[in-house]
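Thanks for coming. I will take a few minutes to walk through one structure, starting with a single link and working outwards from there.

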Amino acid sequence: SRVPTHPMSIKNYLEKLLYQPKQLLSDFQQINHQQFQTAVKYLFRSKKEHFVLGNIVVDLDTIRERIFQSPGGNRTLFLVTLEKCFAALSSMECVDILSQILRVSSVSYLQPDIIGSLPKDLQQDTFRNLSAVFKDLYDKTKANAQRSLYDWMKQILQKSYLNDSTSWVSAENLWILGRYMVHLSLEEIMKISLNEMRLFISYDNATKQLDTVYDITPELAQAFLERINASGFDLRNTSTIYRLGLLVCFYDNMEHMDAVVARVLLHQMIKCNHLRGFQADVHKLKAQFLDIAMQNQTLNDTLGSLSDAVVGLTSNQLESLSPEAVHNAISTLNQVSGWAKSQIMILSSKYLTYEKVLSFYNISQMGALVTGISTQSFYSMNPRELSQVVRGTLSQYASDLSPAQQHAILSKMLASRDFSSAVTDIQGAFFKEVCLSDLWKETGFNSSIVKEKELRKSSFLDLLLWQLVKGVTCQQIERMSTDSFLNNFRYFEKNLQLLSPYQVNCLAWKFWKVSNTSIPPFLLSVLPAQYLESISGISCVPFLISLGKTELDLLIRNFHKKNAVLQKVQECLNGSIHDEYDVDILGNLICHLPPVIIREGISLRAMVIALHRFSFCQQLSDEQKTEIKYKLTELYGLGHAPVLCHILTALFQMAESFENILFLFSPHFKFPDTILQIAKMVRPASPSEEFLSTVFESVRNSSTSIRESDPTAECIGITAPSSDDIIKLAEANAFWSVQELQCLGTDTFTKNVEFLGTVMGFSRSQLIVLKEKAKQVWGALPGWKSYHIVSLGRIALALNESEIDALDLSSIDTVAALSQQTEWTPVQAKSILKGFLEDSGQTVHGLKSFDLAGLGANLCALNITDITTIKATEFSAVVARVGLLPCSTPVLEEFKKVAESVFGNATGWNSSVIHEIGTIAAGLNEKEFKALDKDVMPYFQPAAIRRIPDEVFKVSAWLLKKRDSPSLLLYYKQTAILIFNARENPQSNGSKVSFRDSQQKFGSCTQEERDGQVMTFLDGHGALQNIYRIFTQKSLLYLFRDSK
């Protein structure tokens, strides 16, 4: 009765409801059963696109889409359906509707209090069907909701078991619980009737179910194993082992085990990679089974029966294998994951030694081992077979190949056929390596074939499709007609993550110009601050929803501008977030809430939902994390064991804030396995030293592993790391002392060298000790093989000039592995480059494109006089990769000359070339810079701008006089800040520099004060001063203020 009858009124009413989900809930709650049935009919059952009511046409498709996509819309539909459906419709119909709603949503609103209102008097078939829906959505459901759903299912299943002496956990109920069986307590498992357990395990469906219990703990798994064994199933019987599913990952009955049973267990344990954690325990168990499986047999004889336990074999063991044994076991080896690069290199070499000829068929048998094929072998392949491989096996592993391997494959394919036919076979990561000059050469190239391929931005700029909006320039946006722009805007909106802030700014100005009344609210945020003043009252919710669906950091880089937007967000919220609907509306904006709002503005009711949202935030500040920690203690209390499960539940939702919450516990609190497990699952992006130190102490103090130490006198009494410790600690291995690392046992080092080579926190002294350990284990440096060098990882950084000279660097694959390290000194880089040229017998002029790609940053060590001898055809294939290198200005100037032989005179380079060549653009001289077209300026990459000398960079100020577009000036403001940051923090990565730090230095001050601070700030930075003066002369202080 409240619904209006005029078409425009209906439209306005529906718009209002979509932006006010609580009102939508209220209205739905007031309808009667018949009205609910009608609503359900048209929302969920009708295939009609429109509904005619008298002279009113209701667009059903749009209503469905808008409700399902609106924040809170799904929540409202679920709550209303839950409240009214079972009274108005049949149970089966309700289950179907609830299933539809759950499947099109994020399930984030499925909270314990909502689950508590689920009906508990359902008929058996209805309950089974509804619980089946929840089982299908298990992985999408949060940990606390999983537990609540288990409690709801348990309540219903227990009704038939009034006698406490009889366990409610029957075989049938275990099947109904499905994956929720992992929430059974130890006591409940041990009370299961042996007859019921026997019945459960007897059916094949039980094996399928046990194959999916990825989050089961060792304690629960061993309780199930004990009960299964007691029920009459002999766990030493191979037929029983096949039925155990993931329980086999915790099988520890070693007594009287023979080699046959051990091999069966290893075969079954390949599925243990799916477990969510406890991999160190699984690794240890596999090693024990591996020893038993190989008793009284050679490795050559047993290789094919060891399943993925073969990843535990050392390089010496793999080297002892015969090529025939590897060939015979390839059907097992190609299914294994988790190989170390050195293992892959050894096995690939053995396999190809037996096969002799590299063919499509041979490669298709190799699985992940394909990445161990040498660069030269790929380059020597038959082009036709290579094309088949790229479409087949290599398409899955392309991203795991080194740049050298990728370019060897690409250059061979492109050289053997015409470009258009060759490019159709080039997939994914390979296509990103296609050079811009090759795209240019093909004047008749059909760009439609690249719709689903990966491209660099410079390639987008030249292959302009609506599917490739990343390449649209501001000039093209400005030239679009009004109709064309409005009709095609949705392509930009769907691909915002591909666009730069500069492009988004251009879109905003264009939209404002052609239709300011219908501009999407999120675009207002990138316009100058005064445009936000129009947002108030009823326009607030659409603004919040629109902005909450985007990534604010992608839209706005300016700290002050972002503050202005967030201030408007706070005004719209009235400084508080009351409930789950407010959290829904905020979306991604929750990641940017000021700490004071988190502490004082978020209600406890809203915080339960907000925790889930916070878990997706990538860059929460320390202050934000502190306030989240405070809210957690307020929400769950700060006790010990009784509240630990609640805290742990929250931890699963708090990826970024985990390390802060961890220290809510007493400093003397020793992590149980559960907390350690969560720590490994969460993996904070930048774990603090305190966090890693606490994890280190916990593992070392609780370790029960037998530690093998170096037998030398200086290691007596020293506790050396064990393999288990190393695997559990990950980055926390950096806390082993130099002496402890020095005392590593030979076997422990051999098994874990590649893992230790990934630890970023090792100091130079720690790396030197590990390098010396490698020399002790592997012998003299000239005898090291390629796989030895590759396995070192960061440990190789400790090699000095003479040690590098002693290595065999004849293989570009060895050099490519060394090039992955970014911390080489100029002296080390020069030694690597010299070693490769001498050992391979090549000259700079003879280097192929794949050699250049493999050398990576070591190219910066080239002699100036040698650079221009590089062949243009080879250089053109890797120019984008060379453009990523942080070379000195003299080197970049020479690379610029080579680039001119590819793209023509520098003064005529367009935006595609400028973006493609990256840092090479910093090699332009003042005259060339001044001759550039003004429209190419936004396409200089930040890393290139960092390296432009002051005397050259000042020319960009002259270019600014020629173009005063707000978008371009905003770009220069951001660029100048990038340069300042780069020069203040020379170790920072140019592409990841933060605008916030430099801008915050100016604080909150008047314009006059800021002008003075800026000039003082820029003292000594001539180029920035020049640009700044140009801006202030025009009364456009764009460097550190919003553009107008």
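**Disulfides, a helix and some salt bridges**

The link of cysteine 591 and cysteine 617 is left-handed, with -85 degrees about the S-S bond. This pair links distant parts of the chain, 26 residues apart. Cysteine 591 sits in the loop between helix H39 (580-586) and helix H40 (595-600), and cysteine 617 in the loop between helix H41 (604-614) and helix H42 (622-636). The two sulfur atoms are 2.1 Å apart. Cysteine 591 has a relative accessible area of 17%, and because that is under 20%, the residue counts as buried. Cysteine 617 is buried too, with a relative accessible area of 1%.

Before I go on, please keep in mind that this is a predicted model. Now the overall picture. The protein chain has 1044 residues, and 55% of them count as buried. What is the chain built from? There are 67 helices and two strands. As for contacts with a separation of 6 or more, 68% are accounted for by residues 24 or more positions apart. The protein chain exposes about 44800 Å², and carbon and sulfur atoms supply 50% of that area.

Back to the disulfides. How many are there? The count comes to seven, and I will show two others besides the opening pair.

One of them joins cysteine 715 to cysteine 743, with sulfur atoms 2.1 Å apart. This pair also links distant parts of the chain, 28 residues apart. Cysteine 715 is in the loop between helix H46 (689-702) and helix H47 (723-729), while cysteine 743 is in the loop between helix H48 (738-742) and helix H49 (746-756). The torsion about their S-S bond is about -95 degrees, so this disulfide is left-handed. Cysteine 715 is buried at 5% relative accessibility, and cysteine 743 is buried with a relative accessible area of 1%.

The other joins cysteine 85 to cysteine 94, with an S to S distance of 2.1 Å. Is it left-handed or right-handed? The torsion about the S-S bond is about -105 degrees, so the disulfide is left-handed. Cysteine 85 and cysteine 94 are both buried.

That brings us to helix H5, which covers residues 73-88. H5 has 16 residues and reaches 21 Å from its first C-alpha to its last, close to the 22 Å expected at 1.5 Å a residue. Where is the helix kinked? The kink in H5 is about 40 degrees and is centred on leucine 82. Of the 16 residues of H5, 13 are buried, so the helix is largely enclosed by the rest of the structure.

Next, the charged pairs. Side chains of opposite charge can pair when their charged atoms come close. In this model the count comes to 29 salt bridges. I have picked three, and then a network.

Glutamate 172 forms a salt bridge with arginine 128, and the closest N and O atoms are 2.0 Å apart. Glutamate 172 lies in helix H10 (residues 171-177) and arginine 128 in helix H8 (residues 124-136), so the pair ties together parts that are 44 residues apart in sequence. Both ends are partly exposed: glutamate 172 has a relative accessible area of 35%, and arginine 128 has 31%.

The side chains of aspartate 204 and arginine 243 meet in another salt bridge, at 3.7 Å from N to O. Aspartate 204 lies in helix H13 (residues 204-210) and arginine 243 in the loop between helix H15 (238-241) and helix H16 (259-268), so this pair ties together parts that are 39 residues apart in sequence. Aspartate 204 is exposed, with a relative accessible area of 54%, whereas arginine 243 counts as partly exposed at 23%.

My third choice is aspartate 211 with lysine 271, where the closest N and O atoms are 2.9 Å apart. The pair links distant parts of the chain, 60 residues apart. Aspartate 211 is in the loop between H13 and helix H14 (218-230), and lysine 271 is in the loop between H16 and helix H17 (279-293). Aspartate 211 counts as partly exposed at 25% relative accessibility, but lysine 271 is buried, with a relative accessible area of 17%.

And the network: which residues does it hold? Lys771, Glu772, Lys775 and Glu803 are joined into one network by salt bridges that share partners.

That is all I have for today.

Terms used: Residues are numbered from 1 along each chain as its sequence is written. This is a predicted model: local features need pLDDT of at least 70, side-chain atom pairs count only at pLDDT 80 or more; totals for chains, interfaces and linings use all residues. Side-chain values use heavy atoms; hydrogens and water are left out. Helices (H or I, at least four residues) and strands (E, at least two) are DSSP runs, numbered from the N terminus. Buried means under 20% relative accessible area, exposed over 50%, partly exposed in between (1.4 Å probe, protein chains only). Contact means heavy atoms within 4.5 Å. Accessible areas come from the Shrake-Rupley method with a 1.4 Å probe; for residues, only the protein chains shown count as cover. The expected span of a helix is 1.5 Å times one less than its number of residues. The bend at a residue is the angle between axes fitted to the seven residues ending there and the seven starting there. A disulfide is a pair of cysteine sulfur atoms within 2.5 Å. A salt bridge is a side-chain nitrogen of Lys or Arg within 4 Å of a carboxyl oxygen of Asp or Glu.
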